[in-house]
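Here's a small set of exercises to work through with the model open in your viewer. Try each task before you read its solution.

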Amino acid sequence: MNFRDFFSKRILFLKKIQMLFRVQKPLHMKNRNPFPMLLLALLFSFACEEPQEKPLNVDVLVVGGGASGVMAGIQSARMEVSTLVVEETPWLGGMLTSAGVSAIDGNYELSSGLWEEFRQELIMHYGGADSLMTGWVSNVLFEPHVAARILEKMTKKEPKLTVWHGISVKHLEKKEGLWHVDLDQDGHSKKVVARTVIDATELGDIAKVVGIPYDVGMDSRNETGEEIAPEKANDIVQDLTYVAILKDYGPGTDKTIEKPANYDPTPFLCTCEGKCDEEQSLGRAQWDCDKMMEYGKLPKGYYMINWPIFGNDYYLNLVEMNKEERQDALRKAKEFTLNYIYYLQTELGYKNLGIADDVYPTEDQLPFIPYHRESRRIKGVVQFDINDLARPFEQKDALYRTGIAVGDYPIDHHHHAYPEFKTLPDLHFYPVPSYTIPLGSLIPGELEDFIVAEKSISVTNLVNGTTRLQPVCILIGQAAGALAALAVKQGVAPKRVPVRDVQRALLDSGAYILPYSDIGIDEKGFAALQRIGATGILKGEGKNIGWKNHTHIYPDSLLTVAALQDGLQGWLSMEAIPLTGTYVTRDELQTLLSRWTHTEGETITTSALEALIAENNIQFSGDGAYMTRRDFALLLDSAVNPFEKRAVDHKGSFSE
């Protein structure tokens with residue numbers, strides 16, 4: 001309550017007291033001074049005023065404790081800034097836990113940062129990586145409640161991190177350089193003052209509140225330049241799923257749920273093979289029914305029901321609905337999932353699989369929230385499109401130089417629940433290489449003091465089909481946390497934090513900034529190849545192998561003249577450095593480094609170069625003449641350090 005509101009209430013109170021005196025005072029008080037009584041009433045009103053809770057002052061406020069939000073909070077706190085995560089549900093983890101999507105898609109060969117830390121915690125809990133491979137949809141499956149406990153444990157290790165549950169945001173505004181936020185917790189008001197805010201909500205709701213422009217639905221190819229996008233934009237989002245976790249109660253057990261009031265088996269008739277004809281299946285692949293049920297089998301006899309083929313995907317665009325409208329619409333999505341469970345139990349005979357009674361502490365024992373595949377997508381400093389992702393080295397803007405979060409899953413769109421899905425482009429598993437998300441996609445174009453994470457970053461609808469996956473959202477959150485912490489420490493808006501500072505912080509935290517799948521984080525030269533790759537001096541090669549996507553940097557291949565000449569464009573004049581043959585020789589490399597350091601106002605001597613070669617354990621092959629790309633990266637990183645020498649802006653252009 002502000003000063004004016006406070007005294008307005010006092011005046012209103014006193015007027016009521018005065019009216020009371022006029023109406024009810026006895027005759028013998030007719031000529032007495034009422035002031036003492038009024039003063040007493042005033043003092044009484046002050047004493048009875050409900051005390052106002054002092055605002056909590058934090059450096060970073062993260063709204064939403066989902067896959068991105070919890071990791072943003074952890075990373076920010078680890079960088080020694082006070083951080084608060086507020087979450088509506090009782091659990092952290094969002095789609096990982098509260099939505100029940102406890103089967104990780106992708107990033108199995110990109111063991112980056114907090115994603116890998118979370119995976120190792122799961123491995124430790126279950127006793128080995130093989131123990132996570134219980135279903136065929138994923139290499140990492142787990143019980144949602146186990147993951148929730150792991151995330152809670154991870155947050156409690158951070159002294160700079162506070163987590164509040166049961167919180168919704170009532171209002172927030174920027175005043176005098178700080179965010180003032182009014183929260184509600186079970187009907188009780190809380191206030192927070194923060195220097196930086198991260199929107200990590202499931203649908204980008206806070207970004208809308210603060211007025212950030214955004215897109216919803218499919219983009220027009222005429223706007224994005226993406227050939228496979230539709231010609232006209234629309235507001236069609238991906239299907240959501242109200243997941244259910246079933247439990248095997250044992251042979252002979254009948255856990256069939258009560259028949260739903262509006263039960264209709266028709267949508268599920270082609271959920272597994274042998275139950276419908278080819279025309280009914282619309283040409284979609286089908287599996288044996290038992291094989292289909294093994295899709296999301298979790299450890300310890302649980303089953304994740306998140307089946308996309310005539311299963312429980314449900315079309316619903318909640319984005320612009322208010323809270324009450326969303327709740328009403330989601331009741332229908334829940335009913336659809338209950339219909340599917342009843343179908344599995346009665347039509348397919350899985351009566352022993354009932355809704356788990358020991359996972360979710362909800363009245364219906366279903367997850368706290370649905371699985372949202374798509375949300376608002378802000379208009380950011382940059383927009384990451386399919387061309388940037390698929391052919392990063394051919395674009396006008398070298399966004400790969402600004403990478404902060406890696407992924408390797410295909411473009412996977414769910415649209416079959418949309419009534420007119422046949423009219424939509426076929427985007428199912430569009431092949432792409434592994435990729436890195438640019439930092440500028442987390443930063444609104446028109447608002448400096450704000451960061452966006454989870455699925456609401458600045459990407460096109462097509463790209464959202466892969467950036468929405470769990471490991472990528474985890475790593476987006478880690479990058480958002482690093483950016484927020486640096487903004488606080490440097491006393492600048494997130495938009496003003498140098499790209500290289502964020503990338504350095506992520507590398508120091510064990511995260512990837514480029515998506516190389518042929519060199520592990522613990523291998524020799526990993527960090528050097530990440531840094532040299534971010535300069536463009538060495539470039540990777542994207543590959544699509546089946547449904548797997550890679551970018552190879554070829555660490556053990558010999559450094560070729562062609563690769564060096566291409567990479568050094570814009571760095572050095574190659575005319576003064578004669579390069580002959582197929583591979584760069586040791587003598588040519590020494591000449592190059594000597595001239596390079598000389599142009600920087602320094603000179604690397606032969607003895608200094610030999611010392612760096614020994615220090616980095618660099619080996620030469622071919623009678624001591626040639627070196628690998630890994631060793632070149634190590635040597636260049638040590639001798640010249642081009643990653644630090646030239647800053648890049650959010651579009652990947654070098655700042656002189």
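## Exercise 1: Pairs of opposite charge

In this predicted model, Glu-116 and Arg-119 make a salt bridge, with 3.0 Å between their closest N and O atoms. Work out how the two sit relative to each other in the chain, and whether they are buried or exposed.

*Solution.* Start with the place in the chain. Both residues belong to helix 4 (residues 113-126), and since they are 3 residues apart there, about one helical turn separates them. Next, check the accessibility: Glu-116 and Arg-119 are both buried.

Now take the pair Lys-174 and Asp-449. How far apart are the closest N and O atoms of this salt bridge, and which parts of the chain does the pair tie together?

*Solution.* First the distance: the closest N and O atoms of Lys-174 and Asp-449 are 2.2 Å apart. Then locate each partner. Lys-174 is in strand 4 (residues 167-175), while Asp-449 is in the loop between strand 16 (435-438) and strand 17 (450-452), so the bridge ties together parts that lie 275 residues apart in sequence. Last, look at exposure, where partly exposed runs from 20% to 50% relative accessible area. Lys-174 has 31% relative accessibility, so it counts as partly exposed. Asp-449 has 22%, so it is partly exposed too.

One more pair: classify the two partners of the salt bridge between Asp-182 and Lys-191 by accessibility.

*Solution.* The side chains of these two meet at 2.9 Å, N to O. Asp-182 comes out at 23% relative accessibility, so it is partly exposed. Lys-191 has a relative accessible area of 29%, so this residue is partly exposed as well.

To finish, zoom out. How many salt bridges are there, and which residues link up in a network with Asp-205?

*Solution.* The count comes to 33 salt bridges. Asp-205 is linked with Lys-208, Glu-320, Arg-326 and Arg-376 in a network of salt bridges.

## Exercise 2: The largest pocket

Describe the largest pocket by its volume, its centre and the make-up of its lining.

*Solution.* Begin with volume: the largest pocket holds about 1300 Å³ of space. Its lining has 48 residues, and those closest to the centre are Glu-88, Asp-205, Lys-323, Arg-326 and Ile-369. Two of these names should ring a bell, as Asp-205 and Arg-326 are also in the salt-bridge network. Then ask which elements contribute: strand 2 (83-87), strand 4, helix 6 (205-209) and helix 10 each give at least two residues to the lining. Finally, sort by class, which gives 19 nonpolar, 14 polar and 15 charged residues.

## Exercise 3: Closed spaces

How many cavities of 30 Å³ or more does the structure hold, and what lines the largest and the second largest?

*Solution.* There are 3 cavities of 30 Å³ or more. The largest has a volume of about 60 Å³. Its lining includes Leu-203, Val-237, Asn-317, His-372 and Arg-373, and by class the lining splits into 6 nonpolar, 3 polar and 2 charged residues.

Now the second largest cavity, with about 50 Å³ of space. Among its lining residues are Met-292, Met-293, Tyr-295, Trp-307 and Tyr-340. Helix 9 (289-294), strand 11 (302-305) and helix 10 (323-346) are the elements that give two or more residues to this lining. By class, the lining has 8 nonpolar and 2 polar residues, with no charged ones.

Pick out Asn-317 from the lining of the largest cavity. Where is Asn-317 placed, and which residues does it touch?

*Solution.* Asn-317 is in the loop between strand 12 (313-314) and helix 10. Leaving out residues up to four places away in sequence, Asn-317 touches Val-216, Asp-235 and Val-237. Val-237 also lines the largest cavity. At 22% relative accessibility, Asn-317 is partly exposed.

## Exercise 4: One helix and its neighbours

Compare the span of helix 17 (residues 586-599) with the expected value, then find what its buried residues pack against.

*Solution.* Helix 17 has 14 residues and reaches 20 Å from first C-alpha to last, close to the 20 Å expected at 1.5 Å a residue. Its buried residues are Glu-588, Leu-589, Gln-590, Leu-592, Leu-593, Trp-596 and Thr-597. These pack against helix 16 (561-567), helix 18 (606-615), strand 21 (626-627), helix 19 (629-639) and helix 20 (642-645).

Definitions and conventions
Residues numbered from 1 in each chain as written. Predicted model: local features only at pLDDT ≥ 70, side-chain atom pairs only at ≥ 80, totals over all residues. Heavy atoms only, no water. Helix = DSSP H or I, 4+ residues; strand = E, 2+ residues; numbered from the N terminus. Expected span 1.5 Å × (residues − 1). Buried < 20%, exposed > 50% of the residue type's maximum accessible area, 1.4 Å probe, protein only. Contact = heavy atoms within 4.5 Å. 1 Å grid on protein atoms, 1.4 Å probe; cavity = no way out; pocket = protein on both sides within 12 Å on 5 of 7 lines; lining within 4 Å. Points joined across faces, edges and corners; volume = space filled by probe spheres on them. Nonpolar A, V, L, I, M, F, W, Y, C, P; charged D, E, K, R; others polar. Salt bridge = Lys/Arg side-chain N within 4 Å of Asp/Glu carboxyl O.
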